[in-house]
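User: I am new to this structure and would like a close look at a single part of it, namely the salt bridges. Please set them in the context of the whole chain.

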Amino acid sequence: MARDEKRLRDRLRDGGVRLVSRAAERVLNDPRGQEALARALGLAQRGRQRVEELQGRLMRAAGIPARQDYDELAKQLARLKRKARELSQRLDAEGDAEKRDAEGDEASPGDGPGGNGGSPR
């Protein structure tokens, strides 16, 4: 008996899937159906955007940061990281230049014994 119920359920489900597929195909092939679907999607997107805006306002009013706040903080953090990396690279380059200058001063003429820098007289 359970096997018969399962077969009946499977046949009903498969039949339902076929009917829905045919209906969806007809709607998508008809220009009026395409327009209706596009309008429905547009309304859904605008509704979702409105809900997010209202949710953000409510959360800010309650003192809870909204997703937009986190997004803005993430952008600011990315800018700070980029600036820190640039400054670090500039400091490294300046440190390397100072090190080369210091090494160059140590090997310059007149610094050696006798004050002649090692050049013959």
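Analyst:
**Salt bridges and their setting**

The protein chain exposes about 11000 Å², and carbon and sulfur atoms supply 56% of that area. This is a predicted model, in which the protein chain averages a pLDDT of 85, with 85% of the residues scoring at least 70. Within the protein chain, confidence is highest in helix 2 (residues 31-61), at a mean of 92, and lowest in helix 3, at 88.

The setting for the salt bridges is a chain with three helices and zero strands, which gives the pattern α-α-α when it is read along the sequence. Of the 121 residues in the protein chain, 4% are buried.

Side chains of opposite charge can pair when their charged atoms come close. A search of the whole structure finds ten such salt bridges, and a few of them can be followed residue by residue.

One of them pairs Glu-52 with Arg-67, whose closest N and O atoms are 3.5 Å apart. This pair links distant parts of the chain, since Glu-52 belongs to helix 2 and Arg-67 to helix 3, with the two residues 15 apart. The partners can also be described by how much of each is accessible: Glu-52 has a relative accessibility of 24% and therefore counts as partly exposed, whereas Arg-67 is exposed because its relative accessible area is 54%, and the cut-off for that class is over 50%.

Another salt bridge joins Arg-60 to Asp-69, and here the closest N and O atoms are 3.6 Å apart. Arg-60 has a relative accessible area of 40%, so this residue is partly exposed, and Asp-69, at 26% relative accessibility, counts as partly exposed as well.

A further pair is formed by Glu-72 and Arg-79, with a distance of 3.6 Å between the closest N and O atoms. Glu-72 is partly exposed because its relative accessible area is 36%, and Arg-79 is partly exposed with a value of 40%. Elsewhere, salt bridges do not stand as separate pairs, for Lys-6, Asp-10, Arg-13 and Asp-14 are joined into one network by salt bridges that share partners.

Some charged residues have another role in this picture, as members of a surface patch. Lys-81, Arg-82, Lys-83, Arg-85 and Arg-90 gather on the surface in a patch of positive charge, and the residues that make up such a patch have no salt bridge. One of these residues, Arg-90, has its place in helix 3 (residues 67-106), the helix that also holds Arg-67 of the pair with Glu-52.

The surface also carries a patch of a nonpolar kind, formed by Val-27, Leu-28, Leu-37 and Leu-41, which together have about 340 Å² of accessible area. Helix 1 (2-29) and helix 2 are the elements that give two or more residues to this nonpolar patch. Among its members, Leu-37 lies in helix 2, and with a relative accessibility of 39% Leu-37 counts as partly exposed.

Taken together, the close look covers the pair of Glu-52 and Arg-67, which links helix 2 with helix 3, the pair of Arg-60 and Asp-69, the pair of Glu-72 and Arg-79, and the network that includes Lys-6 and Asp-14.

Notes. Residues numbered from 1 in each chain as written. Predicted model: local features only at pLDDT ≥ 70, side-chain atom pairs only at ≥ 80, totals over all residues. Heavy atoms only, no water. Patch = residues over 30% accessible without salt bridge, like charges linked within 9 Å, V, L, I, M, F, W, Y side chains within 5 Å. Areas by Shrake-Rupley, 256 points an atom, 1.4 Å probe, with all protein chains shown as cover. Salt bridge = Lys/Arg side-chain N within 4 Å of Asp/Glu carboxyl O. Lys, Arg positive; Asp, Glu negative; His and termini not counted. Charge placed at Lys NZ, Arg CZ, Asp CG, Glu CD. Helix = DSSP H or I, 4+ residues; strand = E, 2+ residues; numbered from the N terminus. pLDDT = per-residue confidence, 0-100. Buried < 20%, exposed > 50% of the residue type's maximum accessible area, 1.4 Å probe, protein only.
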